[in-house]
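Subject: Structure for you to look at

Hello,

Here is the structure I promised to send over. Please open it alongside this email, and my notes follow below.

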Amino acid sequence: MRAEMGAAATWALTGYVLSLAGAIAGAIVAAWLFGHPDPARRERPAVVAALAITALWCVTLAAWGPGSPLSALLETARNLAWIVVLYRLFATDGRDQSLAPIRPLVIVLAVVECLQPAILVVDLQFGGVGAAHQVAFSVEALLRALVSVGALVLLHNLYAGASAAARQVLRWPAAALAGIWAYQLNLYTISWIAGSIPVELTALRGLVSAAAALLFAIGANARAADLRLMPSRAVAFQSLSLLVIGAYLLAMVVLAQSLSLLGDGIGRLTQVGFVALAAILGILWLPSQRLRGWLRVTAFKHLFQHRYDYRTEWLRFTETIGRPGAGGRALPERAAQALAEITDSQGAALLLPAEDGSLDLAGHWQWSELDLPTGACPPEFAAALERTGAVIELDEVRRGADAFGEQASVPAALRGDAKAWAVVPLIHFDRLVGVVVLARPVVQRRLDWEDFDLLKAAGRQLASYLAEQAGHAALLEANRFDEFNRRIAFVMHDIKNLASQLSLLARNAERHAENPEFRKDMLVTITKSAEKLNALLARLGRYGAGGNAAREPVDLSRVARRVAGRFADLNLVELTRADRCVVLANAEGLEQALVHLVQNALDASAPDVPVNLDVSCDGLQGRIEVVDSGAGMSAQFVRDGLFKPFVSSKDGGFGIGAFEARELVRAMGGRLDVQSRPGLGTRFAVVLPLSATAGFFGNHTPEREVA
């Protein structure tokens, strides 16, 4: 007895709190709607009045309880107000004028609801008689349930007959009214059957009123038509699982309680049986991929308009393709996986075209047992896929279907593998770049139009990734060939310089061969040329190394004298200034760069016009300049062509000297400046940090002997 009294007190307190919440929510929404009138919404005044009456009714429920006469009268007023709102909602698209048969039903509902005060008077008059009170309660509950049924019928006609545009406006008010009338129908139906109002359902009436007020507030928003409740497929699938579990528990309770009437033993046996059945189903359900796959396929087939959640599938597809993973999986494996996950296939294999046009296995995902020997997929099969671009369902081929001529093209190796399910061509700009063979999914099914469309679209996207990778690989190969050609061009350039010196020596030998001094100079020149060739061979492997040569303190004046000495037999290189200037550089590379610049200056100058070398120091950097009085260069050529490989202003030139000189100087941490004027000449300046100040530039190297 005490427990029952405690439960009743708890529900009474809950009803009090929820009734106050309903009153507050109704009053706030009514005031807000009243302060924001909308002439286009003709039902707005009726909604404000209904919410205000509902708020007042909730106040009486909290103050005097649901059994008071005032709350009963206000409930009647509330129901009449919501019936008026329901009728006024037909004016959303003008149907309040055209649907004349609706009005008699509205009038009947209002008349039936107006009988409630008369029943209340009779109940108060004969309240002392228990039988009379029970009859009055039964009639009251039955009439309120009938009014709820009629209101729900009206609401169905309102929403079902509305246009698509009107439904956008009616969605939220219809949901609120459906909640109000459906709850009232259940409340009074149970009350009529039980002979009394359940305290639990009565306590929740304020919550229903608050929820209805909130829905009307949402519907009054101008953007309410754009609001959607669209749960993801994962949420829907999990919700379905919860519904199945809930239905099982409800069936267990109902059956156990029903059988308990036959005896405690049978009821207990039933409960134990349900527990055992639940355990068996759990053991079978959790590890069974086939069972879960069957439920997923069935649910998506019957509950959704489309089989696939395209947003989820596309995000998963791009995530699989774009992330190699911790194992560093190659693109062929990721490509096969990305396409297999769309159809829940157990595995997949990627075939790529070979040189002879056939398709060879390039990678697989969860299908290592696939046996496709070289040449198993002939060029005719690849040509047929490229021509049609069709996704082939191999089960249909095995049944004899020949929609695209696949009977003659599908190889026997794929027909004979029972696990092979579908063939997806990867087409990129009408060219076949690969083929994905899908294994069967866990749950056997046939491909439909949605499968074909999605697989074709995903296949084309996958083909673009494969084509991009192939293009990148081809570019890398072309870069390697370009590097090789560049090295050869450098070698030819250096050999050309040596050949020019030897040719000049050979011409002078024709005139001065008998001169002992000339023979002596000729021997020195030949010796130096041999040294240059040896140095060239030693340096050949270092082209493209990007500045890996060690740097050391180097005296620019000594380097300038050695460079001038190389061209001593020509008597065309003059050292105008040679200040002692120790810089941080690679002596061999610096000398080679200066040789290139001097040779270019000689080629650009007139015969017998010398080239000047000038070495200076400003306290922070050393500077060696190569100055000529040749033809000069335009600013555009200096900007766009001077340091561009294989572009030259000289007939038969390679365009390598200036480029290599700049790269060598940059590798030492310096820079190569150039000033040129057409008709006046050119000045190249090699600027390098002094060895003593190299630490300020981040190029500190321990001091060694000056080269």
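About 80 Å³ of space lies in the largest cavity. This is a predicted model, and every value here is computed from it. The structure holds 5 cavities of 30 Å³ or more. Ten names are worth marking in your viewer. The lining of the largest cavity consists of Trp57, Arg78, Ile180, Tyr183, Gln184, Leu187, Tyr188, Arg205, Val208 and Ser209. By type, the lining residues are 6 nonpolar, 2 polar and 2 charged. Helices α7 (164-194) and α9 (205-220) each supply at least two of them. The largest share, 5 residues, comes from α7.

Arg205 leads on to the salt bridges. Besides lining the largest cavity, Arg205 belongs to a network of salt bridges with Glu75, Glu113, Glu140 and Arg144. Within that network, Glu140 pairs with Arg144, and their closest N and O atoms are 3.6 Å apart. Both residues sit in helix α6 (residues 130-160). They are 4 residues apart, about one turn of the helix. An α-helix has 3.6 residues a turn, so residues three or four places apart point the same way. Is Arg144 buried or exposed? Arg144 counts as buried, because its relative accessibility is 1% and the cut-off for buried is under 20%.

The count for the whole model comes to 19 salt bridges. Two others are worth a look.

The first pair is Glu396 and Arg399. Their closest N and O atoms are 2.5 Å apart. Both lie in helix α16 (residues 394-399), 3 residues apart, again about one turn of the helix. The two partners differ in burial. Glu396 has a relative accessible area of 19%, so it is buried. Arg399 counts as exposed because its relative accessibility is 55%, and exposed means over 50%.

The second pair is Arg580 and Asp555. Their side chains meet in a salt bridge at 3.8 Å, N to O. This pair links distant parts of the chain, 25 residues apart. Arg580 is in the loop between β7 (573-578) and β8 (582-585). Asp555 is in strand β6 (residues 552-555). Which partner is buried? Asp555 is, because its relative accessible area is 3%. Arg580 is at 57%, so it counts as exposed.

Next, a threonine. Thr320 is found in helix α13 (residues 310-322). At 10% relative accessibility, Thr320 counts as buried. What does its side chain contact? A polar atom of the Thr320 side chain lies 2.9 Å from the backbone oxygen of Arg316. The Thr320 side chain also makes a polar contact with the side chain of Glu341, at 3.4 Å.

Last, a check on helix geometry. Helix α2 (residues 44-64) has 21 residues. At 1.5 Å a residue, α2 should therefore span 30 Å. Its end C-alpha atoms are 30 Å apart, which agrees. What follows α2? The helix is followed by Gly65, whose phi is positive, near 90°.

If you open just two spots, I would take the cavity lining that includes Arg205 and the network that Arg205 shares with Glu140 and Arg144, among others.

Best wishes

Methods:
Residues are numbered from 1 along each chain as its sequence is written. This is a predicted model: local features need pLDDT of at least 70, side-chain atom pairs count only at pLDDT 80 or more; totals for chains, interfaces and linings use all residues. Side-chain values use heavy atoms; hydrogens and water are left out. Helices (H or I, at least four residues) and strands (E, at least two) are DSSP runs, numbered from the N terminus. The expected span of a helix is 1.5 Å times one less than its number of residues. A salt bridge is a side-chain nitrogen of Lys or Arg within 4 Å of a carboxyl oxygen of Asp or Glu. Buried means under 20% relative accessible area, exposed over 50%, partly exposed in between (1.4 Å probe, protein chains only). On a 1 Å grid over the protein atoms alone, a cavity is a set of points where a 1.4 Å probe fits but cannot get out, and a pocket is an open set with protein on both sides within 12 Å along at least five of seven lines; lining residues have an atom within 4 Å of a point. Grid points are joined across faces, edges and corners, and a volume is the space filled by probe spheres set on the points. Ala, Val, Leu, Ile, Met, Phe, Trp, Tyr, Cys and Pro count as nonpolar, Asp, Glu, Lys and Arg as charged, and the others, Gly among them, as polar. A polar contact is a pair of N or O atoms within 3.5 Å; within protein, one must be able to donate a hydrogen and the other to accept it, and residues adjacent in sequence count only if both atoms are side-chain atoms.
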